[in-house]
Amino acid sequence: MEFAKSVGADGIDFNPTTFSHKNVKDGLTLSSPDAQIRRFWVEHCKACIRISEYFAQEFGTPTLMNIWIPDGFKDVPADRLTPRLRLKASLDEILSVGYDKSKVIIAVESKVFGIGVESYTVGSNEFYQNYAAKNGICCLLDNGHYHPLEYVRDKLPSLLAFYDVVALHVTRGVRWDSDHVVLLEDELKEIAKEIVRNDAVNKVKIGLDYFDASINRLSAWVTGQRAVQKALLTALLTPHAQLKAQQDKAEFTELMALQEEIKDLPFGAVWKEYLARQGLKESYTADVREYEKKILKERV
């Protein structure tokens, strides 16, 4: 918190890290059949709510606390329901601690599968969407946590029809794995369009969720952040009202033509002007390399 304040951050988001710990038993945490294991993680999440409240109090802005668990099975399970009932009971107990909802936004994050849990994930999309809706908490969408032909661009407006706040982890999936450095790709552009065209800029909490130790980490951070900014800029420059009107009038020929024309608009010129007004450079890799040479290598 002290570091965040020293660099001018206006808040901190948080998550209870429910993995890489001796109390992940047989790959399970909040859904474990072992009551003592579940108790450990329930108490851990309760403590994290208190930490999140403290951050929110200190900064004067809400803290989003996101719960993601690795629970699942590598091979076909014999029972899909009971682990989810145990997870539901654990979440109910976590929420029973009581907290200031104006300070802490609790979110739950699904995943379709991962290494070691290829056949079944307890915290599925359907489970968390229903749980969040029933309990008045936030549902978080990570665009790297679904099947390759499932798109967050389509899920986002569906949730906006029912939720006051939707959380988003922007990442980039390669094959089935996420957490690659975000690039300005079609899915990112479409997600940004849904946020802007639905007047949801203040309803969608955008978080960046990626890591790549194979390249310079500062460069990775800036590359991903700028990709999201460019996607939002593209969306802000799109004539959404005109496109919506054409759809409502069933002018699908004109709609398709205009959607194609938009792709040629010189948003890059606006982006360059934005950087100039912010006193930022278009190219940053040379500065990153210099920082790496003078600062980062001295930390080894």
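**Getting to know the fold and one helix pair**

In this predicted model, 75% of the protein's contacts with a separation of 6 or more are between residues 24 or more positions apart.

Student: How many helices and strands does the protein have?
Tutor: Let's start with the parts list for this chain of 300 residues. Going through the protein, you'll count eleven helices and nine strands.

Student: Why is the protein said to be as compact as a globular protein of that length?
Tutor: Take the globule rule, which gives 19 Å for 300 residues. The C-alpha trace spans about 60 × 60 × 40 Å along its principal axes. The protein's radius of gyration is close to the rule's value, so it counts as that compact, at 21 Å.

Student: What share of the 300 residues counts as buried?
Tutor: Here, buried means under 20% relative accessible area. Of the 300 residues, the share that passes is 40%.

Student: How is α6 oriented relative to α7?
Tutor: Helix α6 covers residues 186-197 and helix α7 covers residues 217-236. Their axes come within 8 Å and cross at roughly 50°, and the crossing is right-handed. An angle under 35 degrees would be roughly parallel, and 65 to 115 roughly perpendicular. The crossing angle fits neither range, so α6 is oblique to α7.

Student: How many residues of the contact of α6 with α7 are nonpolar, polar and charged?
Tutor: From α6 come Leu188, Lys189, Ala192, Lys193 and Val196. From α7 come Ala227, Val228, Ala231, Leu232, Ala235 and Leu236. Lys counts as charged, while Ala, Val and Leu count as nonpolar. That sorts the contact into nine nonpolar, no polar and two charged.

Note on methods
Residues are numbered from 1 along each chain as its sequence is written. This is a predicted model: local features need pLDDT of at least 70, side-chain atom pairs count only at pLDDT 80 or more; totals for chains, interfaces and linings use all residues. Side-chain values use heavy atoms; hydrogens and water are left out. Axes are lines fitted to C-alpha atoms, for helices over the stretch in contact, and angles run from 0 to 180 degrees between N-to-C directions. Helices (H or I, at least four residues) and strands (E, at least two) are DSSP runs, numbered from the N terminus. Angles under 35 degrees count as roughly parallel, over 145 as roughly antiparallel, 65 to 115 as roughly perpendicular and the rest as oblique. A crossing is left-handed if the near helix is turned anticlockwise from the far one by less than a right angle, and right-handed if clockwise. Contact means heavy atoms within 4.5 Å. The radius of gyration is taken over C-alpha atoms; the globule rule is 2.2 Å times the number of residues to the power 0.38. Buried means under 20% relative accessible area, exposed over 50%, partly exposed in between (1.4 Å probe, protein chains only).
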